[in-house]
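Student: I'd like to learn how to read this model feature by feature. Can we start with burial and work outwards from there?

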Amino acid sequence: MLTPTPIIERTRLDQAPPPTAFRSEPESFLPSSVPMNFGRNTEIFAEGEKAGYVYKLVSGVIRVSKLLPDGRRQISAFHLPGDMFGFEVDDVHHASAEAIVPVKVVAFKWHSLLSATASSGFVHELLNRTMIGLRQTQDHLLLLGRKNALERLAAFLVEMARRSHSDGILELAMPRHDIADYLGLTLETVSRMFAELKETGVIKLESARRVNVCDMAKLEALAA
């Protein structure tokens, strides 16, 4: 596992002050937390590593992935600012989380989130973020199981536009091979589908990662 560059060392998580994102709550009702920085392509946690913290993404983009027995990689999620991740049903991480670009996260001790002293506002946000994550997982499973290659890419672009509140210009942090591993496609297929969307006038490619959605209605129809 690569060594992160935390603002406060992991060994001092319990003594860390509450993050600014929750300063509106009385400090006595906030769970133990610490803000941390991770560089590009740095691992936040690894598959098989002991779990004990959950994370809220403040800035940047995170990919969550798992290595398959045949050596292939499946990306199960991209997390954007505001998302919470790292939840497990037991005490082991079953996937890895990496920073695609430099990121800032806030780490929370899992048991502190469940304590009786946690504020109702914080618990409400935690449950809301968890439900959003479950919905995104369900959408991803539907995408992989029922859609063809063009529909998968269209659905991905619609998802990124919705989650980033874009007005039609998408600044994709993830490279195309990450998109391929998320959509269960080859890199060549993803590149071909981008070209097809461009040729039909649905999008314009202003750069490798800057996508101008020219016809959102048509893109949404393809994604449906």
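Tutor: Sure, and a definition comes first: a residue counts as buried when its relative accessible area is under 20%, as exposed when it is over 50%, and as partly exposed in between. Keep in mind that this is a predicted model.

Student: Which residues of helix H4 are buried?

Tutor: In H4, residues 176-183, the buried ones are Asp-178, Ile-179, Ala-180, Tyr-182 and Leu-183. A general point helps with reading such a list: an α-helix has 3.6 residues a turn, so residues three or four places apart point the same way.

Student: What does H4 lie across?

Tutor: H4 lies across strands E5 (62-67) and E6, and runs at about 105 degrees to E6. Right after the helix comes Gly-184, with a positive phi near 70 degrees.

Student: Then let's look at the sheet with E5 and E6. What is the strand order there?

Tutor: The general idea is that strands of a sheet pair through backbone hydrogen bonds, either parallel or antiparallel. Here four strands make an open sheet, ordered E3-E8-E5-E6, and the pairing is antiparallel. E3 (43-45) and E6 are the edge strands, each pairing on one side only. From one strand to the next, the twist averages 30 degrees.

Student: How many bridges join E3 to E8?

Tutor: Two, with E3 and E8 (residues 96-99) running antiparallel. If you want to find the register, look at Glu-43: its bridge partner in E8 is Glu-98.

Student: Where is Asn-41, and what is its phi?

Tutor: Asn-41 sits in the loop between strand E2 (33-38) and E3. Its phi is near 65 degrees, which is a positive value in a residue other than glycine. Asn-41 is partly exposed, at a relative accessible area of 31%.

His-165 is another one to look up: it has a positive phi of about 55 degrees although it is not a glycine. You'll find His-165 in the loop between H3 and E10, and at 73% relative accessibility it counts as exposed.

Student: What about the sheet that contains E10? What is its order?

Tutor: That one is an open sheet of three strands, E10-E12-E11, paired antiparallel. E10 (169-171) and E11 (203-205) are at the edges with a single partner strand each, so one side of each has no neighbour in the sheet. The twist averages 20 degrees from one strand to the next.

Student: How do E10 and E12 pair, and what packs on the sheet?

Tutor: E10 and E12 (residues 210-213) pair in the antiparallel sense over three bridges, and Glu-171 stands opposite Arg-210 in E12. Helix H5 (residues 187-199) packs on this sheet and touches E11 and E12, with its direction at about 120 degrees to that of E11.

Student: Last feature: how do I read the largest pocket, and what lines it?

Tutor: In general, rolling a probe the size of a water molecule over the atoms shows where empty space is left. The largest pocket here holds about 720 Å³ of space. It is lined by 27 residues, and those closest to its centre are Val-64, Ser-76, Ala-77, His-79 and Thr-137. The elements giving two or more residues to the lining are strands E6 (73-79) and E7 (84-85) and helices H2 (120-146) and H3 (149-163).

Student: Which element gives the most to that lining, and what classes of residue are in it?

Tutor: H2 gives the most, with nine residues. By class, the lining has 13 nonpolar, 10 polar and four charged residues.

Technical notes. Residues numbered from 1 in each chain as written. Predicted model: local features only at pLDDT ≥ 70, side-chain atom pairs only at ≥ 80, totals over all residues. Heavy atoms only, no water. Pairing = 2+ DSSP bridges. Axes fitted to C-alpha atoms, helices over the stretch in contact; angles between N-to-C directions. Contact = heavy atoms within 4.5 Å. 1 Å grid on protein atoms, 1.4 Å probe; cavity = no way out; pocket = protein on both sides within 12 Å on 5 of 7 lines; lining within 4 Å. Points joined across faces, edges and corners; volume = space filled by probe spheres on them. Nonpolar A, V, L, I, M, F, W, Y, C, P; charged D, E, K, R; others polar. Buried < 20%, exposed > 50% of the residue type's maximum accessible area, 1.4 Å probe, protein only.
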